[in-house]
Amino acid sequence: GPGRRLLLSTPIFYANGPPHIGHLYSALLADALLRHRRLRAAGPARLCTGTDEHGQKIQQAAAAAGTSPAELCERVSGLFRRALTQAGVAYTDFTRTSEPRHQRAVRHFWGALRDGGVLYKGSYEGWYCTPEESFVPESQLAERTDAQGRSRKVSVETGHEVHWTKEENYMFRLSAFRGPLQNWLRDNPRAVFPDPFYQHVLRWLDEDLPDLSVSRERSRLQWGIPVPGDPSQTIYVWVDALVNYLSVVGYPESHGAWWPAVHHVVGKDILKFHALYWPALLLAAGLDPPERILVHSHWTVRGQKMSKSLGNVVDPAVCVGRYGVDGFRYFLLRQGVPERDCDYYDEKVVKLVNSELADALGGLLNRSTAPSINPSNTFPRFSEPCFPKVPDSRQAEGTGRASAEDYKLVAAVASLPAQVDSYFKSFQIYKALECIAQCVRQTNGFFQRHRPWKLDRRDAAEQLWLDTILHVTLECLRVYGTLLQPVVPHTADKLLSRLAVGPAERDLSGLTFLARYDGKPCPFEGRQLGPDTGILFHRLGKLETMKKRKQEA
């Protein structure tokens with residue numbers, strides 16, 4: 001309901017290497033949802049992110065780098081903070097699993113599991129994948145030949161090598177939670193979204209659901225939180241990491257103010273941890289599962305999976321430097337489709353950003369506010385006789401000076417805020433941006449069709465029509481600028497400032513369009529426009545040109 005709290009979260013990112021665009025995509029999705037919610041004044045909201053700093057992978061990466069795990073984590077955590085800030089991610093909380101407050105929460109959570117009788121000590125053996133920090137069932141393994149011609153067992157899903165491991169560990173009775181998890185998903189069909197991922201989780205629950213190893217022998221893994229009361233064992237890194245969603249809201253004392261009003265944004269590779277293990281662990285600890293788990297797919301580079309061995313890992317800092325913060329954000333959120341993997345390459349970014357931000361949106365603002373066409377630099381008046389209201393825009397044949405196409409534009413832009421709102425709520429930000437881009441194209445068509453620069457302003461009737469064309473165009477731009485704030489905040493701010501839209505006039509809850517068409521007063525009519533700060537969004541050049549310019553600079 002209105003006014004309720006909501007916690008949005010990204011995964012906490014593993015601190016064994018620097019950030020890439022896959023990490024930033026998770027963060028930008030959550031950031032856009034947070035910004036959109038705030039513009040709707042829907043109630044208090046937070047965005048938590050952070051770094052996952054324990055586990056064998058960290059231990060090994062630190063040894064390979066000739067440093068300590070603590071020093072490695074300090075450095076890599078700083079890289080993630082910097083990357084998120086550079087990309088304009090407005091996070092409110094940054095958790096490091098090495099922090100005392102988090103470790104205290106993990107120990108308490110372990111105690112709740114132990115007291116609930118869902119943990120037992122047992123001998124466990126199986127194929128362990130260090131990069132994934134998880135055991136992989138035999139059914140999900142394949143034989144692969146490495147570069148030296150040797151046969152290796154690897155995970156089918158990720159291609160990472162696995163090793164046979166036998167340990168005495170604490171086990172979690174995951175098998176006892178098949179029914180409760182099925183009930184939770186049946187009662188909450190949008191708990192895991194989009195639907196293909198929801199169906200995937202249901203299929204997992206129809207398969208074998210073995211108990212889960214939730215600790216490692218301390219002799220093998222020293223870099224982690226010791227099991228309370230048993231210093232020979234280390235708490236499994238995924239249990240430790242998942243509890244960050246509780247520690248950030250004050251577990252075990254004050255989490256009730258936020259939990260379970262939580263939306264996790266996660267990549268599909270960690271779906272099982274978030275949609276099976278995490279809800280089961282929460283139920284076992286006497287807590288409700290999160291309200292929603294919003295799942296997205298991966299980014300490939302020119303059709304290939306990103307990997308260090310291929311040397312095609314995309315550095316977000318390079319992208320921000322090359323395309324600007326808003327160009328980078330717009331591309332990922334416009335092209336990223338949660339249900340399927342999306343492909344990244346430089347030419348694609350340049351083409352999209354130039355076409356939709358620089359040319360269509362920026363060009364429209366530039367043309368409609370140019371001194372030659374709007375010498376008074378004001379928000380012109382709307383003439384009802386030139387653009388009379390019709391009962392049904394679909395049947396408008398063109399009255400006054402407006403054509404049938406013009407009425408279609410007005411109807412499209414009037415319905416746009418509700419459409420965009422619906423797509424944000426259904427985790428389809430790319431569709432919201434598609435609708436906005438389509439309306440921007442229609443508005444450019446409207447402006448081009450009526451050629452206001454050809455009108456004779458010495459003729460009173462022509463001046464009225466010219467002002468009406470500009471009024472409609474600027475009203476459209478005001479709506480686009482308002483709706484684009486969650487995605488391209490700097491560009492949207494520049495656009496709205498040029499139109500003299502004040503800070504208190506930029507929220508979504510009070511967004512109206514073309515009030516004068518409905519016979520109501522327009523607060524912007526006659527207002528002096530803001531200062532001209534130049535081109536809204538500079539066109540991007542080809543990569544070679546950009547490199548050359550950088551070198552020259």
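**Where two domains meet**

Across the interface of domain 1 and domain 2, 10 residue pairs are in polar contact (both at pLDDT 80 or more).

User: How do I read a polar contact here?

Analyst: It's a pair of N or O atoms within 3.5 Å; within protein, one must be able to donate a hydrogen and the other to accept it, and residues adjacent in sequence count only if both atoms are side-chain atoms. Keep in mind that this is a predicted model: local features need pLDDT of at least 70, side-chain atom pairs count only at pLDDT 80 or more, and totals for chains, interfaces and linings use all residues. Residues are numbered from 1 along each chain as its sequence is written, and side-chain values use heavy atoms, leaving out hydrogens and water.

User: Which element gives the largest share of the side of domain 1 that touches domain 2?

Analyst: Helices (H or I, at least four residues) and strands (E, at least two) are DSSP runs, numbered from the N terminus. Here H10 gives the largest share, 10 residues.

User: How many salt bridges are there between the domains?

Analyst: A salt bridge puts a side-chain nitrogen of Lys or Arg within 4 Å of a carboxyl oxygen of Asp or Glu. Between domain 1 and domain 2 the count is 2. Glu 356 and Arg 334 also meet through their side chains in a salt bridge, at 2.8 Å, N to O.

User: Is Asp 346 buried or exposed?

Analyst: Buried means under 20% relative accessible area, exposed over 50%, partly exposed in between (1.4 Å probe, protein chains only). Asp 346 has 8%, so it's buried. Its side chain joins that of Tyr 323 in a polar contact of 2.6 Å.
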